[in-house]
Amino acid sequence: MRDPPDAAFLLALAREAEAQGGDAKLAARARAIAERERAAGDAPVERLRRALAERYGEGRIEDLLCRLAGEIRAGAADAPGPARAALRTLLWSMTVQKLAESNPDYLAAAEAHPPSPGRRNSPSSGPCVSLRDRGRPEASLGEGDA
Amino acid sequence: MNAAALRRYLTEATGARSAEIDELRRLPDGAVQENWLVAARLEGGSLAGGWRLVLRTDGATALGIGLDRAAEFQVLRAVHAAGISVPQPLLLCEDCAVIGRPFFLMHFIAGAAAGERIVAGELGGERQALVARLARELALLHAITPAHPGFACLAPPPVDAAEARLEQCARLLAADGAPHPVAEWGLRWLIRHAPPPAEPVLCHGDFRTGNFLADAQGFTALLDWEFAGWSDPDEDIGWFCLGPWRFGAYGREAGGIAARAALYRAYEAASGRRIAAERVRWWEVMAALRWLVIALRQRDRCLIGGERSLDLALTGRRPAECEFEILTLTEAA
């Protein structure tokens, strides 16, 4: 679920950059990502794997994500209804988890600034509900999509 | 960078009696291409005198999309002639024997393209004036249509720019090989909500904070024309407003500089064209998807191409920002 490159690769490049007098901000960012992932461990990935396994049956997370992507590509989420709402909730949880590890400042900034009126829903309505209220009936999170 | 070879080239290309290079160093801007400052003194010839120039050449590894340096040089020359504020292009060298890669030279313009410093207010001057100036530059650019001479280097205008971008992004996404469920969600939404085609105009293709120069007083020049092409004018507006290009100033939706409404007002006044918010919204979803697939290719320059760049590696972690935008923007308005 975590996007490549992995934390070990980022740390190796950060060390190289520091040794060569490179951009200290970039090195610090790489180290921070690695630290957040170390602190979280495998739990977020396993949580997602279990959620996917409920839809598709047991399997490796890579294979289950392929099933999910294929299902969406085939149009399974095109029509409004509970199926689309459930998929959206799943996608929000994945995205917020990744962003919380890769760029938590972005997440915080987005949640602190509602978008301009009339353009779209508050970004916090999706990810925060799906993260904080895991296990709530997905349909209650709202349909979304115009 | 081979300074001696560059000195010889400058002498021959300008007909100078001699050329000296006093300074040659890589500039920090440019994630895809390389930009080098060249401080040169030429005796005689078409560029006689002392000059601060910028040499722009291919990066160590290629992104695989966008214009090559020769086409970018032609575009830069044509937009400069059209009155858009860009560095004046001077010389194009396609002979790889000189520095190993094709390159072009243009006049150096003072300022920095650092997005964080611009949104923090250290550069760019007063924010409302800056966004108004950017809107005027964009309106001037969008007044250029395919009938305009000087852009023969560009691919013909697509019948439907939205459809063309959709096809490109779907192809690049499929080429990545890994599953991207949120990107697939975005693609399906874009297909379902595609706008009617607009008359194609010249678009910058990467018009955003970080791709223009600014000094403490304000805007100085628009840079990085490698993604220029004929498209829907709302593509540039949607790209400019995309969350990742606000450099942390998320609440200022126009590039982290000002409110979206300020950009729209200034652009409408300068162009005479009314902006339809729903069309921009579509192009902003497209911008999120397009930046996602470009980020994957940037990452691969490091993971597959072998370029040991921490910046490129960290770009591999940026798709989550695009996924956040796709899900946010496709919420019911």
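1. Let's start with how chain B is divided up in this predicted model. The assignment gives domain 1 (3–107), domain 2 (110–156 + 200–275) and domain 3 (158–197 + 277–333). Notice that domain 2 and domain 3 are each written as two stretches of sequence.

2. Next, look at domain 1 and domain 3 of chain B. Taken over C-alpha atoms, their centres are 32 Å apart. The two do touch: five residues of domain 1 of chain B meet six residues of domain 3 of chain B. On the domain 1 side, you'll find three nonpolar and two polar residues, with no charged ones.

3. Now find helix α8 (residues 233–241) and helix α10 (residues 277–303), both in chain B. How do people describe a pair like this? Packed helices are described by the angle and the distance between their axes. Here the axes come within 8 Å and cross at roughly 65°, and the crossing of α8(B) past α10(B) is right-handed.

4. Which residues make that helix contact? From α8(B) they include B:Ile237 and B:Trp239, and from α10(B) they include B:Val280, B:Trp283 and B:Met286. By class, the contact of α8(B) with α10(B) has seven nonpolar, one polar and four charged residues.

5. Last, the inside. The largest nonpolar core has 111 residues, and B:Phe212, B:Val285 and B:Leu292 are among those touching the most other members. Helix α10(B) turns up again here, giving the most to this core with 14 residues. Leaving aside residues up to four places away in sequence, B:Leu292 touches B:Ala183, B:Pro319 and B:Cys322. Another core, of 12 residues, lies apart from the 111-residue one and includes B:Cys302 and B:Leu312.

Notes
Residues are numbered from 1 along each chain as its sequence is written. Chains are lettered from A and ligands numbered from 1 in the order in which they are written. This is a predicted model: local features need pLDDT of at least 70, side-chain atom pairs count only at pLDDT 80 or more; totals for chains, interfaces and linings use all residues. Domain bounds come from an automatic or database domain assignment. Two residues are in contact if their C-beta atoms, placed from the backbone, lie within 7 Å. Ala, Val, Leu, Ile, Met, Phe, Trp, Tyr, Cys and Pro count as nonpolar, Asp, Glu, Lys and Arg as charged, and the others, Gly among them, as polar. Axes are lines fitted to C-alpha atoms, for helices over the stretch in contact, and angles run from 0 to 180 degrees between N-to-C directions. Helices (H or I, at least four residues) and strands (E, at least two) are DSSP runs, numbered from the N terminus. A crossing is left-handed if the near helix is turned anticlockwise from the far one by less than a right angle, and right-handed if clockwise. A nonpolar core is a set of buried Ala, Val, Leu, Ile, Met, Phe, Trp, Tyr and Cys residues joined through C-beta atoms within 7 Å. A residue is buried if 20 or more other C-beta atoms lie within 10 Å of its own, exposed if 12 or fewer, and partly exposed in between; C-beta atoms are placed from the backbone.
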